[in-house]
Amino acid sequence: AVVSTQSTGNDKSVIPAWRRDRIRDHISGIKAKLDKAKIESEKGLATENAAEIASLIAKNKDAPIIIEVLKTKGTSKGISEGLKTMRKKAPETAAVIFAVNDDDVFFHCLVPKKLSSGMSLRADEWLATFSGLLSAKCGGKDLYAQGSG
């Protein structure tokens, strides 16, 4: 946010165009480095999230429904990777997994086809029931949905 503010302020300043362009390029370079560092830090979190979901699967293999908040900081990608594993190892289990980091809450829902068609349980509707409480947005389809806020 500070980098964007500096960039915007730079555009309105009364300095030569060549200097303004140099400052803008420098700020863009800093922003790119910050974005890259954030992506690198989230890779480790995604691996931790997937591992935690794998342990949930092992503990609750025969459970029809799992609703869990991850103990580790979360990323949407980490939850997604973990639920891919769940789809393979526990195909009859419906799940809603929440993860919280410093800024956001992420949540994903997985519903087996058997429950979606037989019991009319839809992932997108399930998440919509509580996403408003979290001031979050969500979307998806019958079998898989996700949200954040």
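Which element gives the most to the lining of the largest pocket? In this predicted model, where local features need pLDDT of at least 70, side-chain atom pairs count only at pLDDT 80 or more, and totals for chains, interfaces and linings use all residues, that element is α2, with 7 residues. Residues are numbered from 1 along each chain as its sequence is written, and side-chain values use heavy atoms, without hydrogens or water.

Helix α2 (a DSSP run of H or I, at least four residues; strands are runs of E, at least two) covers residues 17–59 and spans 62 Å from its first C-alpha to its last, close to the 63 Å expected at 1.5 Å times one less than its number of residues. Among its buried residues are R20, I27, N49 and I57, buried being under 20% relative accessible area with a 1.4 Å probe and protein chains only.

The largest pocket (an open set of points on a 1 Å grid, with protein on both sides within 12 Å along at least five of seven lines, lining residues having an atom within 4 Å of a point) is described below.

| Feature of the largest pocket | Value |
|---|---|
| Volume | about 320 Å³ |
| Lining | 17 residues |
| Nonpolar, polar and charged lining residues | 4, 5 and 8 residues |

K38, E42, G74, T75 and N101 lie nearest the pocket's centre.

Elsewhere, there are 3 aromatic pairs, counted when ring centres lie within 6.5 Å (planes under 30 degrees apart are stacked, over 60 edge-to-face, the rest tilted). F98 and F130 form a tilted pair, 5.3 Å centre to centre with 50° between the planes, which links strand β2 to helix α5 across 32 residues. Both F98 and F130 are buried, and ring pairs join them with F107 into a cluster.

Key
Buried means under 20% relative accessible area, exposed over 50%, partly exposed in between (1.4 Å probe, protein chains only). Rings of Phe, Tyr and Trp (its six-membered ring) pair if their centres lie within 6.5 Å; planes under 30 degrees apart count as stacked, over 60 as edge-to-face and the rest as tilted. On a 1 Å grid over the protein atoms alone, a cavity is a set of points where a 1.4 Å probe fits but cannot get out, and a pocket is an open set with protein on both sides within 12 Å along at least five of seven lines; lining residues have an atom within 4 Å of a point. Grid points are joined across faces, edges and corners, and a volume is the space filled by probe spheres set on the points. Ala, Val, Leu, Ile, Met, Phe, Trp, Tyr, Cys and Pro count as nonpolar, Asp, Glu, Lys and Arg as charged, and the others, Gly among them, as polar.
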